[in-house]
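User: I am new to this protein and would like to be walked through its model with some care. Could we take it one topic at a time?

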Amino acid sequence: MSETEYYRSQSYQEYLLSSHRRDVCPPEDVYAFFNWKGLNNLVDFGSGLGFYFNEFRKWFPHVWIWAAECQQEIIDMVLRRKLMEGIEQLTPFHMDQSDHPLLPEWVPVPEIIFASLSLSTFPNPGLAMDGLIRSMKAGGRLFIIDWSKTESGFGPKINEKISMDKMKFLAEEYKLEVTKSGRISEHFYGMEVKASSNFIYGYYDLKEEEDEDSAVFKQ
């Protein structure tokens, strides 16, 4: 495993569920930072083992959570957790590892995609943002939480972090609009992104909003 694939290690995934993560980036501050209005389907992109699952259940009791992961072993662990904890309105699903991720067509088109500590693992986070924006309806919003580019003594090495300024630059390179950005805590920042008026959806705009059979996956 290369250094840039630190996120694949079991120890890192376990850290992402730790109380220390809660202390250095309180979920309540994350909730307060973003505008969650109009939410019915939320994609937790790169959900890992589900640090935010219980928070989502508290914040949005009637929203369906779609947990996207590229590692099958993590999906299996999430499925076990779903059964053991009785987590309702949650569907974990596999996404192929791609530099330009697009949601599967059977997933209902989300109003919001939530990407916590995942975009900085991509070779080009701007290209990844482009794919996620194309996976939503026009006006859909991408909520990003990522590591500030500082020495912290925990998490990935500093050279594996993407600064807020660079993340914003990369978004704008792909004709995306950053509607809000700022520090959430000392070591983390947040960013809201949507398509700008110059963004061209092209072919992917033809994606069906929600297949009638998609309800079968809500089990």
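User: How many aromatic pairs does a search of the whole structure find?

Analyst: The model is a predicted one, and the protein averages a pLDDT of 87, with 84% of the residues scoring at least 70. A search of the whole structure for aromatic pairs gives a total of 24.

User: Which kind of pair do the rings of Tyr-52 and Phe-114 make?

Analyst: The centres of the two rings are 5.0 Å apart and their planes stand at 80°. Planes over 60 degrees apart count as edge-to-face, so the pair of Tyr-52 and Phe-114 is edge-to-face.

User: How many residues apart in sequence are the parts that this pair ties together?

Analyst: Tyr-52 belongs to the loop between strand 1 (41-45) and helix 4 (53-59), while Phe-114 belongs to strand 4 (residues 112-116). Both Tyr-52 and Phe-114 are buried, and both are members of one aromatic cluster that also includes Phe-51, Trp-59 and Phe-143. The pair therefore ties together parts whose separation in sequence is 62 residues.

User: Which charged residue has its end over the ring of Phe-51, and which over the ring of Phe-33?

Analyst: Phe-51 and Phe-33 are among the residues of the aromatic cluster. Over the ring of Phe-33, at 4.3 Å from its centre, sits the charged end of Lys-180. Over the ring of Phe-51, at 4.1 Å from its centre, sits the charged end of Arg-21.

User: Which residues touch the most other members of the largest nonpolar core?

Analyst: In soluble globular proteins, nonpolar side chains tend to be buried together. Here the largest nonpolar core has 32 residues, and the elements that each supply at least two of them include strand 1, strand 4, helix 6 (125-134) and strand 5 (141-147). Leu-119, for example, touches Phe-45, Met-129 and Leu-142, among others. The residues that touch the most other members are Phe-45, Leu-119, Met-129, Ile-133 and Leu-142.

User: How many residues of helix 6 are buried?

Analyst: Helix 6 has 10 residues and is mostly covered, with Met-129, Leu-132 and Ile-133 among those that are buried. The buried residues of helix 6 pack against strand 1, strand 4, strand 5, helix 7, strand 6 and strand 7. The number of buried residues in helix 6 is nine.

User: Which residue caps the N-terminal end of helix 6?

Analyst: The cap is made through a side-chain oxygen that lies 2.9 Å from the backbone nitrogen of Gly-126. The residue that caps the N-terminal end of helix 6 in this way is Asn-124.

User: Is Leu-117 buried or exposed?

Analyst: Most residues other than glycine have a negative phi, whereas Leu-117 has a positive phi of about 60°. Leu-117 is placed in the loop between strand 4 and helix 6. Its relative accessible area is 7%, and under 20% counts as buried, so Leu-117 is buried.

User: What is the relative accessible area of Lys-175?

Analyst: Lys-175 likewise has a positive phi, near 60°, and is found in the loop between helix 7 and strand 6. Lys-175 is partly exposed, and its relative accessible area is 45%.

User: Over which residues does pLDDT stay under 50?

Analyst: Where pLDDT is low, the predicted coordinates should not be read in detail. For the stretch in question the model has 17 contacts beyond four places in sequence. The stretch over which pLDDT stays under 50 is residues 204-214.

Note on methods
Residues are numbered from 1 along each chain as its sequence is written. Side-chain values use heavy atoms; hydrogens and water are left out. Rings of Phe, Tyr and Trp (its six-membered ring) pair if their centres lie within 6.5 Å; planes under 30 degrees apart count as stacked, over 60 as edge-to-face and the rest as tilted. Helices (H or I, at least four residues) and strands (E, at least two) are DSSP runs, numbered from the N terminus. Buried means under 20% relative accessible area, exposed over 50%, partly exposed in between (1.4 Å probe, protein chains only). A charge sits over a ring if NZ of Lys or CZ of Arg is within 6 Å of the ring centre and within 35 degrees of the ring normal. A nonpolar core is a set of buried Ala, Val, Leu, Ile, Met, Phe, Trp, Tyr and Cys residues joined through side-chain atoms within 4.5 Å. Contact means heavy atoms within 4.5 Å. A polar contact is a pair of N or O atoms within 3.5 Å; within protein, one must be able to donate a hydrogen and the other to accept it, and residues adjacent in sequence count only if both atoms are side-chain atoms. pLDDT is the predictor's confidence in each residue, from 0 to 100.
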